[in-house]
Amino acid sequence: MNGKSLLRLKGRIEMKAAFAEFLKDYDVVYHFNGQQKLNINQDIATGVLYCLITLIGIENDKKIKTSIGATYEDEYILENGQWLVSKRIGSFEWQDKIEIV
């Protein structure tokens, strides 16, 4: 965020624990993945994915909706007939918070 690394995770166990902790205070978590650009070379690929993240939770006794525009720079590998993400660098491009009733 703002050009600075917030965290570095490796593997599903680290990811599950980190995201569970981050999202524990939100009642609603929604990711809308949009356009994606891919470059495929046999069994490896790279790409950019655009995502709109919506989080709703309580902050200071108020119901707050946080919207985040994110991009993911991905590296993929084709393994056993499935494309898997082998590396992802996520960037939070912007964030907006509003009170909702």
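1. Two strands count as paired here if DSSP finds at least two bridges between them. With that in hand, β3 and β4 are easy to place: 16 bridges join the two strands, which run antiparallel. Bear in mind throughout that this is a predicted model. For one concrete pairing, look at Ile 68, whose bridge partner in β4 is Gln 95. β3 covers residues 62-79, while β4 takes in residues 82-99. The two strands make a hairpin with 2 residues between them. In that turn, Asn 80 has a positive phi of about 55°.

2. Stepping back to the overall layout, the protein has 1 helix and 4 strands. Going along the sequence, the order is α-β-β-β-β. The C-alpha trace spans about 50 × 30 × 25 Å along its principal axes. As for contacts between residues at least 6 apart in sequence, 45% of them join residues at least 24 apart.

3. The other hairpin to check is β1 with β2. Strand β1 (residues 26-41) is joined to β2 by 13 bridges, and the two run antiparallel. β2 itself runs over residues 44-59. If you want a pair to click on, Asn 33 stands opposite Cys 51 of β2. Here too there are 2 residues between the strands of the hairpin.

4. Gln 42 deserves its own comment. This residue sits in the loop between β1 and β2, and its phi in the turn is positive, about 60°. Is Gln 42 buried or exposed? Its relative accessibility is 70%, so Gln 42 counts as exposed, given that the cut-off for exposed is over 50%. For a sense of distance, the C-alpha atoms of Gln 42 and Glu 21 are separated by 37 Å, with the two positions 21 residues apart along the chain.

5. What about the loop between β2 and β3? Asn 60 is placed there, and so is Asp 61. Both deserve a look on a backbone plot. Phi of Asn 60 is near 50°, which is positive in a residue other than glycine. Asp 61, another non-glycine residue with a positive value, has phi near 65°. On the solvent side, Asn 60 is exposed with a relative accessible area of 74%, and Asp 61 is exposed at 77% relative accessibility.

6. Now the charged pairs. Side chains of opposite charge can pair when their charged atoms come close. The count in this model is 4 salt bridges. One of them is between Glu 59 and Lys 97, at 3.1 Å from N to O. This pair links distant parts of the chain, with Glu 59 in strand β2, Lys 97 in strand β4, and the two positions 38 residues apart in sequence. How accessible are the partners? Glu 59 is partly exposed at 27% relative accessible area, and Lys 97 is partly exposed as well, at 41%.

7. The salt bridge between Asp 74 and Arg 88 has its closest N and O atoms 2.7 Å apart. Asp 74 lies in strand β3 and Arg 88 in strand β4, so the pair ties together parts that are 14 residues apart in sequence. Which side of the burial cut-off does Asp 74 fall on, buried or exposed? Asp 74 has a relative accessible area of 3%, and buried means under 20%, so Asp 74 is buried. Its partner Arg 88 is partly exposed, with 41% relative accessible area.

8. There is also a small set of linked charges. Glu 21, Lys 24 and Asp 25 are joined into one network by salt bridges that share partners. Within this network, Lys 24 bridges to Asp 25, with the closest N and O atoms 3.3 Å apart.

9. Finally, some whole-protein numbers to keep beside the details. Of the 101 residues, 19% are buried. The accessible surface comes to about 8200 Å², and carbon and sulfur atoms account for 52% of that surface. On charge, there are 13 positive and 14 negative side chains. The centres of the two charge sets lie 1 Å apart.

Methods
Residues numbered from 1 in each chain as written. Predicted model: local features only at pLDDT ≥ 70, side-chain atom pairs only at ≥ 80, totals over all residues. Heavy atoms only, no water. Salt bridge = Lys/Arg side-chain N within 4 Å of Asp/Glu carboxyl O. Buried < 20%, exposed > 50% of the residue type's maximum accessible area, 1.4 Å probe, protein only. Contact = heavy atoms within 4.5 Å. Areas by Shrake-Rupley, 256 points an atom, 1.4 Å probe, with all protein chains shown as cover. Lys, Arg positive; Asp, Glu negative; His and termini not counted. Charge placed at Lys NZ, Arg CZ, Asp CG, Glu CD.
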